[in-house]
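Thank you all for coming; please have the model open on your screens while I talk. I will go slowly and explain the terms as they come up.

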Amino acid sequence: ADFAIFENSFSDYFLELGKVEVSSDGIHYVTIPHAYLGQEPVDAFGEHEPSFIDGLVGKYKAGYGTPFDLSTIAWSIEAQSGLIDLHAIHYVKIIDIIGDGSMNDTFQNPIYDPYPTQETAGLDLDAIGIMYSSTTTPCPLQ
């Protein structure tokens, strides 16, 4: 994995999810492929089966980040056309999942997340950890 994103869930099953997009220039973004195989809506304090989730932030509880590998987008139109450079990703965008099933995964399956949200519910970003960098200069993630 090139980087990991940490969410602050307190359990292995009460998870709040988000999708990830990356960019070299802050203008052209590509979404990291992701899959959600849950079939049922998740109520406000409901739980997920983590084995049904791949490529979404928040798959794991606090202290263990969700890993992301940029090679998963190597064949994207944006990478192949040069709109993004996999060796110069400077921007990471995290989009909170609206849990009512109105957002879809890469394969057009509805994504369910705790819904309706209560008070401060939603993805709680803790950190982004860069595990691999192809440059010697710091990467200005925003």
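In strand β9, the residue that serves as bridge partner of N104 is P110. It belongs to a pairing in which strand β8, residues 100-104, and strand β9, residues 110-112, run antiparallel and are joined by 2 bridges; two strands count as paired if DSSP finds at least two bridges between them. Strands here are DSSP runs of E with at least two residues, and helices are runs of H or I with at least four, numbered from the N terminus. The hairpin of β8 and β9 has 5 residues between the strands, and Q108 there takes a positive phi near 70 degrees.

Before I continue, a word on the source. This is a predicted model, in which local features need a pLDDT of at least 70 and side-chain atom pairs count only at pLDDT 80 or more, while totals for chains, interfaces and linings use all residues. Residues are numbered from 1 along each chain as its sequence is written, and side-chain values use heavy atoms, with hydrogens and water left out.

Let us turn to strand β1, where 4 of the 5 residues are buried, so that β1 is largely enclosed by the rest of the structure. Buried means under 20% relative accessible area, exposed means over 50%, and partly exposed lies in between, with a 1.4 Å probe and protein chains only. Which strands pair with β1? β1 pairs with β6 in the antiparallel sense over 3 bridges, where I5 has T66 as its bridge partner, and β1 also pairs antiparallel with strand β10, residues 125-130, over 5 bridges, where the partner of F6 is A127.

β1 also takes us to the largest nonpolar core, which has 15 residues, with F3, V20 and V22 having the most contacts inside it. The elements giving two or more residues to this core are β1 (3-7) and β2 (18-23). By nonpolar core I mean a set of buried Ala, Val, Leu, Ile, Met, Phe, Trp, Tyr and Cys residues joined through side-chain atoms within 4.5 Å. A second, separate core of 10 residues includes L17, Y36, V42 and L56.

F3 is also part of one of the 3 aromatic pairs, and its partner is F68, in a stacked arrangement with 5.5 Å centre to centre and 20 degrees between the planes. Because F3 lies in β1 and F68 in β6 (residues 66-68), the pair ties together parts that are 65 residues apart in sequence. The rings of Y60 and Y64 have centres 4.7 Å apart and planes at 80 degrees, so this pair is edge-to-face. For the cut-offs, rings of Phe, Tyr and Trp (its six-membered ring) pair if their centres lie within 6.5 Å, and planes under 30 degrees apart are stacked, over 60 edge-to-face, and the rest tilted.

Finally, is S23, in strand β2, buried or exposed? S23 is buried, with a relative accessible area of 0%. Its side chain makes a polar contact with the side chain of D25 at 3.1 Å and reaches the backbone nitrogen of G26 at 2.7 Å. A polar contact is a pair of N or O atoms within 3.5 Å; within protein, one must be able to donate a hydrogen and the other to accept it, and residues adjacent in sequence count only if both atoms are side-chain atoms.
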